[in-house]
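Here is a short tour for anyone meeting this protein for the first time. Have a look at the sequence and the fold, and then we'll walk through a few spots together.

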Amino acid sequence: MTPLDMNYLTVALPKGKLFDKAVQMLASVGCAAEGLSQDSRKLVISNDDAKVRFIITKTSDLPTYVEYGAADIGIIGKDVLLEENKDVYELLDLKFGYCRMVAAVPQALRQDKISDYAHMRVATKYPRIAERFFHSMGIQMEIIKLNGSIELAPIVGLAELIVDLVETGRTLRENNLVEVAQIQPSTARLIANRVSFKMKFERINSLAEALKSLVESEADK
Ligand SMILES: Nc1ncnc2c1ncn2[C@@H]1O[C@H](COP(=O)(O)OP(=O)(O)OP(=O)(O)O)[C@@H](O)[C@H]1O
Ligand SMILES: O=P(O)(O)OC[C@H]1O[C@H](OP(=O)(O)OP(=O)(O)O)[C@H](O)[C@@H]1O
């Protein structure tokens with residue numbers, strides 16, 4: 001298997017929350033392979049008849065695979081795209097995986113103005129997004145990078161604030177945290193390697209068009 005193999009389309013899919021819906025949408029437009037499942041330990045799954053192969057990556061690594069052309073296209077959250085800041089084309093908003101990036105604090109620490117949090121510590125899995133947000137507000141903060149369970153940080157005094165994703169709001173509520181700023185909404189996006197998009201234009205563009213029609217038909221329901 002070589003990168004940018006002209007005969008195959010290589011599609012990167014992230015393990016985790018976006019995987020099942022991404023597989024389902026791609027299958028609906030005829031882009032599928034047998035045994036494509038998160039439960040499998042196989043990381044490359046090919047459909048030789050359809051000349052498509054899927055690679056399964058860790059969420060935050062997916063844009064790197066696409067940027068380097070190890071995958072031609074991929075499906076990934078806008079939050080990860082903004083954080084990883086890779087040189088890829090964003091082709092389509094797939095309108096699933098809705099969540100939003102927020103800043104939150106313990107209820108007891110709530111202040112009137114975001115500037116009142118200046119110079120406090122912010123725990124986050126998304127240091128670039130957090131940095132950019134506070135910088136845009138003219139506020140200097142100390143950013144502490146964590147890899148998960150971010151809501152724990154203010155409870156145990158590691159940080160005063162967090163920047164994290166919220167979907168239902170349950171995790172914030174159950175840890176007595178309240179939102180103090182909305183930073184960025186996020187949905188899943190179809191992305192493409194810049195060279196692949198030119199070299200495999202017909203194939204990638206027709207897949208993107210089919211997904212676009214699918215997204216629009218789902219929105220009409
Ligand atoms: N409740 C949610 N929490 C986190 N991400 C969500 C949520 N709802 C939708 N998403 C979207 O799903 C994507 C993948 O989330 P997931 O939790 O599977 O990965 P991750 O936890 O960031 O990665 P990893 O487990 O490898 O560290 C996010 O980047 C985001 O775009
Ligand atoms: O608003 P909610 O519906 O409660 O969802 C938000 C939570 O889900 C995500 O965590 P995830 O499950 O990915 O675990 P993690 O803490 O290990 O990242 C996110 O980081 C929040 O903690």
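Let's start with K78, which counts as buried because its relative accessibility is just 16%, and the cut-off for buried is under 20%. One thing to keep in mind throughout: this is a predicted model.

**K78 and its partners**

What does the side chain of K78 meet in a salt bridge? The partner is E90, with N and O 2.7 Å apart. K78 belongs to helix 3 and E90 to strand 5 (residues 89-93), so this salt bridge ties together parts that lie 12 residues apart in sequence. While K78 is buried at 16%, E90 has a relative accessibility of 36% and therefore counts as partly exposed. The story doesn't stop with two residues, either: K78, E90, D93 and R189 are joined into one network by salt bridges that share partners.

**Other salt bridges**

By the rule used here, the count comes to 10 salt bridges. Here are three of them, with the distance from N to O and the relative accessibility of each residue.

| Pair | N to O distance | Relative accessibility |
|---|---|---|
| K78 and E90 | 2.7 Å | K78 16%, E90 36% |
| K21 and E218 | 3.3 Å | K21 24%, E218 29% |
| D116 and K113 | 3.7 Å | D116 32%, K113 48% |

The salt bridge between K21 and E218 is a nice one to find on the model. K21 sits in helix 1 (residues 19-28) and E218 in helix 8 (residues 201-220), so to speak two distant parts of the chain, 197 residues apart, linked by one pair. K21 counts as partly exposed at 24%, and E218 counts as partly exposed at 29%.

D116 and K113 form a salt bridge too, their closest N and O atoms being 3.7 Å apart. D116 is partly exposed, with a relative accessible area of 32%, and K113 is partly exposed at 48%.

**Two domains and where they touch**

Now zoom out. The domain assignment splits the protein chain into domain 1 (3-97 + 187-220) and domain 2 (99-186). Taken over C-alpha atoms, the centres of the two domains are 30 Å apart.

How many residues of each domain are in contact with the other? There are 9 residues on the side of domain 1 and 11 on the side of domain 2. Between them, domain 1 and domain 2 bury about 860 Å², and 46% of that is on carbon and sulfur atoms. On the domain 1 side, D79, L82 and E83 lose the most area to domain 2, together 67% of what that side buries.

What holds for charged pairs across this interface? The rule finds 0 salt bridges between domain 1 and domain 2. Polar contacts are another matter, with 8 residue pairs counted between the two domains. Helix 3 (residues 78-84) supplies the largest share of the domain 1 side that touches domain 2, namely 5 residues. Sorted by class, that side of domain 1 has 1 nonpolar, 4 polar and 4 charged residues.

**A buried spot in strand 2**

Is I45 buried or exposed? I45 counts as buried because its relative accessibility is 4%, where the cut-off is under 20%. You'll find I45 in strand 2 (residues 44-47). Setting aside neighbours within four places in sequence, I45 is in contact with A33, E34, G35, L36, V52, R53, F54 and I56. For a sense of scale, I45 and G77 are 32 residues apart in sequence and 22 Å apart in space, C-alpha to C-alpha.

**Two loop residues with positive phi**

To finish, look at two loops. K51 is not a glycine, yet K51 has a positive phi of about 55°. K51 is in the loop between strand 2 and strand 3 (52-57), and counts as partly exposed at 35% relative accessibility.

N85 also has a positive phi, near 55°, in a residue other than glycine. The place of N85 is the loop between helix 3 and strand 5. N85 counts as exposed because its relative accessibility is 54%, and the cut-off for exposed is over 50%.

Conventions
Residues numbered from 1 in each chain as written. Chains lettered and ligands numbered in written order. Predicted model: local features only at pLDDT ≥ 70, side-chain atom pairs only at ≥ 80, totals over all residues. Heavy atoms only, no water. Domains from an automatic or database assignment. Contact = heavy atoms within 4.5 Å. Buried area = accessible area lost by both parts, 1.4 Å probe. Salt bridge = Lys/Arg side-chain N within 4 Å of Asp/Glu carboxyl O. Polar contact = N/O pair within 3.5 Å; in protein donor to acceptor, adjacent residues only side chain to side chain. Helix = DSSP H or I, 4+ residues; strand = E, 2+ residues; numbered from the N terminus. Nonpolar A, V, L, I, M, F, W, Y, C, P; charged D, E, K, R; others polar. Buried < 20%, exposed > 50% of the residue type's maximum accessible area, 1.4 Å probe, protein only.
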